[in-house]
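This report describes selected side-chain contacts, nonpolar groupings and loop residues in one protein chain. The sequence and the structure come first, and the description follows.

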Amino acid sequence: ISATTVNAATFKLGVAIEGGGFVADRWALSGTASYSLLNRDDHMLVVAPQVAYYVRLADKFYYTPSLTVGGVFTSTDGYNTGGLASKIAPFAVEFRPTKHFGLGVNMFSFTYYFIEGQSVFSLNLLSDVSVSFRYYF
C-alpha cells in the first residue's frame, strides 16, 4: 500500500497484491497486480512479473532490489488505453522478524511507461514510498 501527495492538486493512492517464491538461491520471482487512483478521475492498473534479489545485510534484515516489467491499463476522464510499464527499485529493504513474515520498504525507484507512443520516465525519491507486508510459506 502506498500513498503520495505531490501537492494539493496531485494525489496518488495505490494497492497491490503479489504472489511468488524463491526460484534459486536469493532470487525470487513473483507476479503482481496493482491498482492506483491518480487524482479524482484517473485510474491505473499494472499487471506484471517481478524478479528480486535478496542480500542479507544483518540478522533478519535484507537488501531486496527488484525489476518489474508488464502491462499498464489506464482510464483518464473516461478514455481507456494500455501500454508497457517497468519499474526498477534499487534501494528496497525488508525486515523479517519471523521466518514467515516480512515487512518491506521502498523509498526510491525508476519508473517508465510507454502508452500510445508516449514515453514517461520518472525518478521517485521519497515521492512514491511503498510499504509491503509479506507472508512466506
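A residue is called buried when its relative accessible area is under 20%, exposed when that area is over 50%, and partly exposed in between. The model described here is predicted.

**Glutamate 94 and its partners**

By that cut-off glutamate 94 is buried, because its relative accessibility is 0%. Glutamate 94 is part of strand β9, which covers residues 93-95. Its side chain makes a polar contact of 2.5 Å with the side chain of arginine 134, and another of 2.6 Å with the side chain of tyrosine 136. Beyond its neighbours within four places in sequence, glutamate 94 has contacts that include the aromatic residues Tyr54, Phe61, Tyr62 and Tyr136. Also among them are Lys60, Thr64, Gly102, Leu103, Gly104 and Arg134.

How many salt bridges does a search of the whole structure find? The search finds three. They are set out below with the separation between nitrogen and oxygen.

| Salt bridge | N to O separation |
|---|---|
| Arginine 56 and aspartate 59 | 3.0 Å |
| Glutamate 94 and arginine 96 | 4.0 Å |
| Arginine 134 and glutamate 94 | 2.5 Å |

Arginine 134 belongs to strand β11 (residues 118-135) and glutamate 94 to strand β9, so their salt bridge ties together parts that lie 40 residues apart in sequence. Arginine 134 is partly exposed, because its relative accessible area is 21%. Through shared partners, the salt bridges join Glu94, Arg96 and Arg134 into one network.

The bridge between arginine 56 and aspartate 59 has exposed residues at both ends. Arginine 56 counts as exposed with a relative accessible area of 52%, and aspartate 59 counts as exposed at 54%.

**Arginine 96**

Arginine 96 is located in the loop between β9 and β10. Is this loop residue buried or exposed? Arginine 96 is buried, because its relative accessible area is 16%. Besides its salt bridge with glutamate 94, the arginine 96 side chain reaches the backbone oxygen of lysine 99 at 3.0 Å. Setting aside neighbours up to four places away in sequence, arginine 96 is in contact with Lys60, Tyr62, Phe101, Gly102 and Tyr136. Lys60, Tyr62, Gly102 and Tyr136 also appear among the contacts of glutamate 94.

**Nonpolar cores and a surface patch**

The largest nonpolar core has seven residues: Met44, Val46, Ala48, Val72, Ala85, Tyr113 and Ile115. Two elements, β4 and β10 (101-115), each give two or more residues to this core. The largest share is the three residues that come from β4. Tyrosine 113, one of the core residues, touches the core members Met44, Val72 and Ala85, along with Leu84, Gln118, Ser119 and Val120, when residues up to four places away in sequence are not counted.

A second, separate core has five residues, including Ala28, Tyr54, Tyr62 and Tyr136. Of these, Tyr54, Tyr62 and Tyr136 are also contacts of glutamate 94, and Tyr62 and Tyr136 are contacts of arginine 96.

At the surface, Leu57, Phe61, Phe95, Phe101, Leu103 and Phe133 make a nonpolar patch of about 560 Å². One of these residues, leucine 57, is in strand β5 (residues 55-58). Phe61 and Leu103 are in contact with glutamate 94 as well, while Phe101 is in contact with arginine 96.

**Loop residues**

Two loop residues have a positive phi without being glycine. Arginine 26, in the loop between β2 (10-24) and β3, has a phi of about 75°. Arginine 26 counts as partly exposed because its relative accessibility is 39%. Glutamate 116, in the loop between β10 and β11, has a phi of about 50°.

Asparagine 39 is in the loop between β3 (27-38) and β4 (42-53). Its relative accessibility of 32% is why asparagine 39 counts as partly exposed. Asparagine 39 and phenylalanine 110 are 71 residues apart along the chain, and their C-alpha atoms are separated by 21 Å.

Definitions and conventions: Residues numbered from 1 in each chain as written. Predicted model: local features only at pLDDT ≥ 70, side-chain atom pairs only at ≥ 80, totals over all residues. Heavy atoms only, no water. Helix = DSSP H or I, 4+ residues; strand = E, 2+ residues; numbered from the N terminus. Buried < 20%, exposed > 50% of the residue type's maximum accessible area, 1.4 Å probe, protein only. Patch = residues over 30% accessible without salt bridge, like charges linked within 9 Å, V, L, I, M, F, W, Y side chains within 5 Å. Areas by Shrake-Rupley, 256 points an atom, 1.4 Å probe, with all protein chains shown as cover. Salt bridge = Lys/Arg side-chain N within 4 Å of Asp/Glu carboxyl O. Polar contact = N/O pair within 3.5 Å; in protein donor to acceptor, adjacent residues only side chain to side chain. Contact = heavy atoms within 4.5 Å. Core = buried A, V, L, I, M, F, W, Y, C linked by side-chain atoms within 4.5 Å.
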